[in-house]
Amino acid sequence: KEIADYLEVRKDKMYFANVKDLAELADITPKDYEHTVAFYYTEDVVCPVAALVGAIAGKPVGSFTYKNQILLGIDPLDIDAMKLNEIHEAGAITFVQKAGDNVTSEGKTLGGEYIDVVDSKDWLVQQIEYKVQKTFNNTDKVSYDNDGINMLDSVVVTVLKEGFENGMIATDDEGLPTYWTDFAKRSETDPADRVVRKYIGGEFGFDLAGAIHEAKFTGYINI
């Protein structure tokens, strides 16, 4: 709990915790722990959740979902649907067999958010902060005019484009990415902000691509 509380304040890392008894989650599940993943596993294995981290750590953020990840090095648990539902209700995920493969049962954090959504949000925020700062570092002066503002706009667009290429951002019906930016021109900024050299007129947004975790189909047979 102490680690989970600490990381929920920082919001820059994901905590993967091993859980053998669902009672361990009783005092923390009411809170929104979106940076904590509880991996329920009862077999006698040292750090079983490392199998999950090892399976996904090398993949680009946004390019995968945590549900149905095939894990190596540990055996699936033999549990029924009722127990599986109990695990998910407690905020945890586990490791089961589906269609002959050994896979993760769900892809949510302890707080109920999808892990890939948290990954994508954190990545975008951190990359925009990092690359904007790099622009300041590598430019003698980012002028407080439309040229300087366009430079910052371009940095944000570059990050959004990379996020789209990684699968974080959805496409519209024409197949185009759904991200956008809106950066106020110098004439639209507050003189008081210009005096203290602070620009607060930049906005961006996008439609999250998400993922399909289950599917239902209707079939028709003609005689």
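Okay, so before anything else: two strands count as paired here if DSSP finds at least two bridges between them. Keep that in mind, and remember that what we have on screen is a predicted model.

With that, take β2, residues 36-40. It pairs with β3 in the parallel sense, over two bridges. One of the residues to look at is Ala38 in β2, whose bridge partner in β3 is Ala92. Now zoom out a bit: the order is β1-β2-β3, three strands in an open sheet, with parallel pairing. β1 (15-19) and β3 (92-93) are the edge strands; each has a single partner, so one side of each has no neighbour in the sheet.

Right, the whole chain. We've got six helices and seven strands, and from the N terminus they go α-β-β-α-α-β-β-β-α-α-β-α-β. For 223 residues, a compact globule would come out with a radius of gyration near 17 Å, but this chain has 22 Å. The C-alpha trace spans about 65 × 60 × 30 Å along the principal axes. As for burial, 37% of the 223 residues count as buried. And if you take contacts between residues at least 6 apart in sequence, 57% of them join residues at least 24 apart.

Next up, α5, residues 146-165. Does the length add up, or what should we expect? With 20 residues at 1.5 Å a residue, the helix should span 28 Å, and the end C-alpha atoms are 28 Å apart, so that agrees. Its buried residues are Gly148, Ile149, Leu152, Asp153, Val155, Val156, Val159, Leu160 and Gly163. They cover an arc of only 150° around the axis, which means they sit on the same side of α5. Over on the other side, Asp147 and Glu165 are exposed. What covers the buried residues? Among the elements doing that are α4 (115-138), β6 (180-183) and β7 (202-205).

The ends of α5 are worth a glance too. At the start, a side-chain oxygen of Asp145 comes within 3.1 Å of the backbone nitrogen of Asp147. Just after the helix, Gly167 has a positive phi of about 100°.

Last stop, Thr109, in the loop between β5 (101-104) and α4. Is Thr109 buried or exposed? Its relative accessibility is 1%, and the cut-off for buried is under 20%, so Thr109 counts as buried. Setting aside neighbours within four places in sequence, Thr109 is in contact with Tyr33, Glu34, Thr36, Gly91, Ile115 and Val118.

Conventions
Residues numbered from 1 in each chain as written. Predicted model: local features only at pLDDT ≥ 70, side-chain atom pairs only at ≥ 80, totals over all residues. Heavy atoms only, no water. Helix = DSSP H or I, 4+ residues; strand = E, 2+ residues; numbered from the N terminus. Expected span 1.5 Å × (residues − 1). Buried < 20%, exposed > 50% of the residue type's maximum accessible area, 1.4 Å probe, protein only. Arc of directions from axis to C-beta. Contact = heavy atoms within 4.5 Å. Polar contact = N/O pair within 3.5 Å; in protein donor to acceptor, adjacent residues only side chain to side chain. Rg over C-alpha atoms; globule rule 2.2 N^0.38 Å.
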